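Biologist: I should like a close look at a single part of this structure, taken together with whatever is connected to it. Please keep the account to what can be computed from the atoms.

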Amino acid sequence: QVQLVESGGGLVQAGGSLRLSCAASGLTFINYAMGWFRQAPGKEREFVAAISRSGGVTHDADSVKGRFTISRDNAKNTVYLQMNSLKPEDTGGYYCAAKLGDYSSSVRLYDYWGQGTQVTVSS
C-alpha cells in the first residue's frame, strides 16, 4: 500500500531553520507531483509548496516565498522542504501529499497523505 512518512519536525526559535523529509513507498514516485501542506490548531489545512514530477517546476504559497524551498530526489523517492527564517506563524502540523499527474495547490486534489510532522516555532 502507499505510504508517505514525514520526518524532521521539531521545536525551533524564530529565525531558525528546519528541513522536512517525506519518504514515499508503494507508488511509482516519478508519476506523482508532491506537495507540502500545513495545519495550525483550529484552522484549515493550507497549501505550502508543490513540485512537479520531474522536479523542474515548483510553486510556493506567498506566505513562504523566499523562505521555504521544496525539492525532490526521484532516485530516493523522497521530497524535502527546507524552511529558513522561521516565524511563530509557521507553527503547525506539516503534511506531505502525492498527486497523480500535474501539481496543484488544492488540498482536495491530492490522492495520498502522510501522517504529518509537528513544527513549533517559538518567539
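The account below begins with the requested part and then moves to other places in the chain.

Biologist: Where does arginine 38 lie, which side chains does its own side chain meet in polar contacts, and which residues line the largest pocket?

Modeller: The model is a predicted one, and every value that follows was computed from it. Arginine 38 belongs to strand S4, which covers residues 32-39. With a relative accessible area of 6%, arginine 38 falls under the 20% limit and therefore counts as buried. Its side chain takes part in two polar contacts with other side chains: one with aspartate 90 at 2.8 Å, and one with tyrosine 94 at 3.0 Å. Apart from neighbours within four places in sequence, arginine 38 is in contact with residues that include Glu44, Arg45, Glu46 and Val48. Its other contacts are Ser63, Val64, Phe68, Glu89, Asp90, Gly93 and Tyr94.

Arginine 38 is also one of the residues that line the largest pocket. That pocket holds about 160 Å³ of space. Its lining comprises Arg38, Gln39, Ala40, Lys43, Glu44, Glu46, Pro88, Glu89 and Thr91. Sorted by class, the lining has 5 charged, 2 polar and 2 nonpolar residues. Glu44, Glu46 and Glu89 belong to this lining, and arginine 38 is in contact with Glu44, Glu46 and Glu89.

Val48, a contact of arginine 38, leads to another place in the chain. From valine 48 to lysine 65 the C-alpha distance is 9.3 Å, with their positions 17 residues apart in sequence. Lysine 65 sits in the loop that joins strand S6 (58-60) to strand S7 (68-73). Its relative accessibility is 45%, so lysine 65 is classed as partly exposed. Arginine 38, by contrast, is buried.

A further buried site is the disulfide. The whole structure contains 1 disulfide, and it is formed by cysteine 22 and cysteine 96, whose sulfur atoms are 1.9 Å apart. Cysteine 22 lies in strand S3 (residues 18-25) and cysteine 96 in strand S9 (residues 92-100), so the bond ties together parts that are 74 residues apart in sequence. Cysteine 22 is buried, at 0% relative accessibility, and cysteine 96 is buried as well, at 0%.

Strand S3 also holds leucine 18. At 15% relative accessibility, leucine 18 is counted as buried. Residues up to four places away in sequence aside, leucine 18 touches Gly8, Gly9, Gly10, Val12, Leu81, Gln82, Met83, Leu86 and Val119. Alanine 61 is 43 residues from leucine 18 in sequence, and the two C-alpha atoms are 18 Å apart.

From S9, the chain continues into the loop that runs to strand S10 (112-113), and serine 104 lies in that loop. Serine 104 is buried, with a relative accessible area of 12%. Its side chain reaches the backbone nitrogen of serine 106 at 2.9 Å. Beyond residues up to four places away in sequence, serine 104 touches Phe47, Ala50, Lys99, Leu109 and Tyr110.

To return to the request, arginine 38 is a buried residue of strand S4, with side-chain polar contacts to aspartate 90 and tyrosine 94, and it has a place in the lining of the largest pocket.

Conventions:
Residues numbered from 1 in each chain as written. Predicted model: local features only at pLDDT ≥ 70, side-chain atom pairs only at ≥ 80, totals over all residues. Heavy atoms only, no water. Helix = DSSP H or I, 4+ residues; strand = E, 2+ residues; numbered from the N terminus. Buried < 20%, exposed > 50% of the residue type's maximum accessible area, 1.4 Å probe, protein only. Disulfide = S-S within 2.5 Å. Polar contact = N/O pair within 3.5 Å; in protein donor to acceptor, adjacent residues only side chain to side chain. Contact = heavy atoms within 4.5 Å. 1 Å grid on protein atoms, 1.4 Å probe; cavity = no way out; pocket = protein on both sides within 12 Å on 5 of 7 lines; lining within 4 Å. Points joined across faces, edges and corners; volume = space filled by probe spheres on them. Nonpolar A, V, L, I, M, F, W, Y, C, P; charged D, E, K, R; others polar.
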